[in-house]
Number of protein chains: 2
Amino acid sequence: MSGGERRRPPTIHDVAREAGVSRGTVSRFLNGGHNVSPAAADAVRAAIRRTGYVVNRHARSLITGRSDSVAFLLTEPQEKLFEDPNFNVLLRGCTQALAAHDIPLLLMIAGTPAERRRVIRYVTAGHVDGVLLVSSHTGDPVAEHLLGTGIPVVASGKPIDRQGRTARLAHVAADDRAGAREMVRHLVSTGRRTIATVAGPPDTPGGVERLAGWREVLVEAGLPAGDELVAHGDYSRGSGERATAELLDRVPDLDAVFVASDLMARGALAALERAGRRVPRDVAVGGFDDSPAAVSGLPELTTIRQPWDRISSEMVRVLLALIGGEEPSAVVLPTELVVRESA
Amino acid sequence: MSGGERRRPPTIHDVAREAGVSRGTVSRFLNGGHNVSPAAADAVRAAIRRTGYVVNRHARSLITGRSDSVAFLLTEPQEKLFEDPNFNVLLRGCTQALAAHDIPLLLMIAGTPAERRRVIRYVTAGHVDGVLLVSSHTGDPVAEHLLGTGIPVVASGKPIDRQGRTARLAHVAADDRAGAREMVRHLVSTGRRTIATVAGPPDTPGGVERLAGWREVLVEAGLPAGDELVAHGDYSRGSGERATAELLDRVPDLDAVFVASDLMARGALAALERAGRRVPRDVAVGGFDDSPAAVSGLPELTTIRQPWDRISSEMVRVLLALIGGEEPSAVVLPTELVVRESA
DNA sequence: CTGAAAGCGCTTACAG
DNA sequence: CTGAAAGCGCTTACAG
């Protein structure tokens, strides 16, 4: 039982001989079965089973010009990947959605300039058929370069328009503004009156849209929505803690905080605890994402669920459509309020 | 500035014509430059720059039989990927170590039987040159199958020998036992006398070795090391909380807990807080991993650092050596005690 | 050190 | 519906 010798794998030629047909017929069978008689198809099927034939993707790609693979490209600084659980959920979802089409996912990281160059060279050389682009910040140099090459790209999150260049980028995103509105409405409906917010970075769609949703609802409700109620974080836990401490300083009588991500909300809880405020009794905290961080400690977070499963499957669907020649499209997915303990 | 038309990319033929040499010479230049005169090399270099030539990997692979790509294969149930930050660190490290060799990493998940079949078919078809295998549990059906095919495989973590089949699996691991010993010695040296442990699953190397290290040091120190001081978790946060509550029930006067992972240690801290024990004053808590979970809350964890950067780079090094025809090897890397607040 | 040639395994018009 | 043939872009003995 050595198993160590790897003999030459069967080729289409072996299958053709075994099935008593030509190689062209085998190939046609493999590529949809058009113009193959039922009898020939049966013979080929049996021959494939007997020989254990598996297509040589390199030979196929050489002639079709397609690679039948897709890149999952991360352009955030690397630490993000580890602090933000959303990346993981997206990565798993995309891997599995692609696997269903038998398309492997190539993970690429372009955090440094050297990595960026390498990735651009690789992608523009046609080594992948398309790119799933994950970066929340605008003005991404890789994104802009890729757009110029004509290679199919789908971004996660709505790209911020910068001189009109990223406007035609296909993307899939949750409805940030509607989600923020729903959370703030929830806070208002439970009697909160001084509702501050820890917003995300102003160069990210989440940073802009969730803040806008917060403001809209407060204005509609006739509640204060001034800038003293706004502090910014960078989606990290620590930044949520700092921003919340700042808010407590400025507005000691706040009775709720809408935090633009669950991870930052974890930091907000720490700041509130340190300040002796009980959650939710003294201060209600609403998060965003419904990431693992939402339930990684106590109290469990009331939050807005982003439909990550659907986001990843839609990204894959849109990318495959682009590769198939369709026009770029934008998909906006609804969010959902999840009420737990913190608000 | 349309950029959308993707013209036929330059081939080796274009480069040869441009450089005034034959295609064979260009190819030799590309593959190490042996038997290429300095003058010819210069001409080819210039021609490559002018034409923007990038090798067509499919054509190359078709003839070399290598794919110049590697799979990162996750055989844990998928949730693990998201709860355990170590996977992420490993994934990033491997991606970047491979990128330095211009080898793309294919992410594959084999959690369900259907996914397992797909992955095995893909890998054994020769679509990757080797596999980085990440699974902490023994008796992994994919691992056993892969071993039989002769494809190069490197595992992360020491595989538990099961009927001698996985013994010859190349692997890279931290020194679990030595790390556990160091942590328990630290607890003893700071005056702790009733030191319980939350161990990992007994079918994982970490579950076995860290428990053994705990016991060895206590026996050497003449301290209690009975089974009532041992509870098991599954590396998840919740399991650490449950196991610690169980320990507090059985041994109310314990003054330290060595927890076999940081994530479980976070759960342990929650259980201790709920029981009204202060950390580290009443009970010291030592973790393992030095993962992001170690500093994701308060108190920050005293823990054992696994050298993830080196683990990933060694995994890649060993895999490339295997692909190059060398024999399987095992690498054991030292750990390091990191003292923070919890012990 | 160099070129001409064979061939890797597949797909796709083309002619029947 | 089917087969024979060309050709995708590259590497590698081979002969010089």
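**Exercise 1. The surface near DNA strand D**

Which polar backbone atom is 3.1 Å from a phosphate oxygen of DNA strand D? Describe the protein surface around this strand.

*Solution.* The model is predicted: local features need pLDDT of at least 70 and side-chain atom pairs count only at pLDDT 80 or more, while totals for chains, interfaces and linings use all residues. Residues are numbered from 1 along each chain as its sequence is written, chains are lettered from A and ligands numbered from 1 in the order in which they are written, and side-chain values use heavy atoms, with hydrogens and water left out.

Step 1. The backbone atom belongs to Asn56(B). A polar contact is a pair of N or O atoms within 3.5 Å; within protein, one must be able to donate a hydrogen and the other to accept it, and residues adjacent in sequence count only if both atoms are side-chain atoms.

Step 2. A phosphate oxygen of DNA strand D also lies 3.2 Å from a polar side-chain atom of Asn31(B). A base nitrogen of the strand is 3.5 Å from a polar backbone atom of Ala59(B). Two or more residues of this surface come from each of α2 (23-30) and α4 (57-64) of chain A and α2 (23-30) and α4 (57-64) of chain B. Helices (H or I, at least four residues) and strands (E, at least two) are DSSP runs, numbered from the N terminus.

Step 3. In total, 24 residues surround DNA strand D, the closest being Ser37(A), Ile63(A), Ile12(B), Ser27(B) and Tyr53(B). A residue is near the strand if one of its heavy atoms lies within 4 Å of it. Sugar or phosphate accounts for 61% of the strand's atoms within 4 Å of the protein, and bases for the rest.

**Exercise 2. Helix α1 of chain A**

Which residues of helix α1 (residues 12-19) of chain A are buried, and against what do they pack?

*Solution.* Step 1. Asp14(A), Val15(A), Ala16(A) and Ala19(A) are buried; buried means under 20% relative accessible area, exposed over 50%, and partly exposed in between (1.4 Å probe, protein chains only).

Step 2. These buried residues pack against α2 and α3 (38-51) of chain A, where contact means heavy atoms within 4.5 Å.

Step 3. At the start of α1(A), a side-chain oxygen of Thr11(A) comes within 3.0 Å of the backbone nitrogen of His13(A). Just after the helix, Gly20(A) has a positive phi of about 70°.

**Exercise 3. The interface of chains A and B**

How many residues does each chain bring to the contact, and how many salt bridges are counted?

*Solution.* Step 1. Chain A brings 47 residues and chain B 47 residues. The area buried between them is about 4100 Å², with carbon and sulfur atoms giving 58%. Buried area is the accessible area (1.4 Å probe) that two parts lose on being put together, summed over both.

Step 2. There are 2 salt bridges between the chains, a salt bridge being a side-chain nitrogen of Lys or Arg within 4 Å of a carboxyl oxygen of Asp or Glu. Asp102(B) forms one with Arg118(A), the closest N and O atoms being 4.0 Å apart.

Step 3. Across the interface, 8 residue pairs are in polar contact (both at pLDDT 80 or more).

**Exercise 4. One residue in strand β5**

Is His171(A) buried or exposed?

*Solution.* Step 1. His171(A) lies in strand β5 (residues 170-174) of chain A. Step 2. His171(A) counts as buried because its relative accessible area is 10%. Step 3. Beyond its neighbours within four places in sequence, the contacts of His171(A) include Val154(A), Lys158(A) and Ser329(A).
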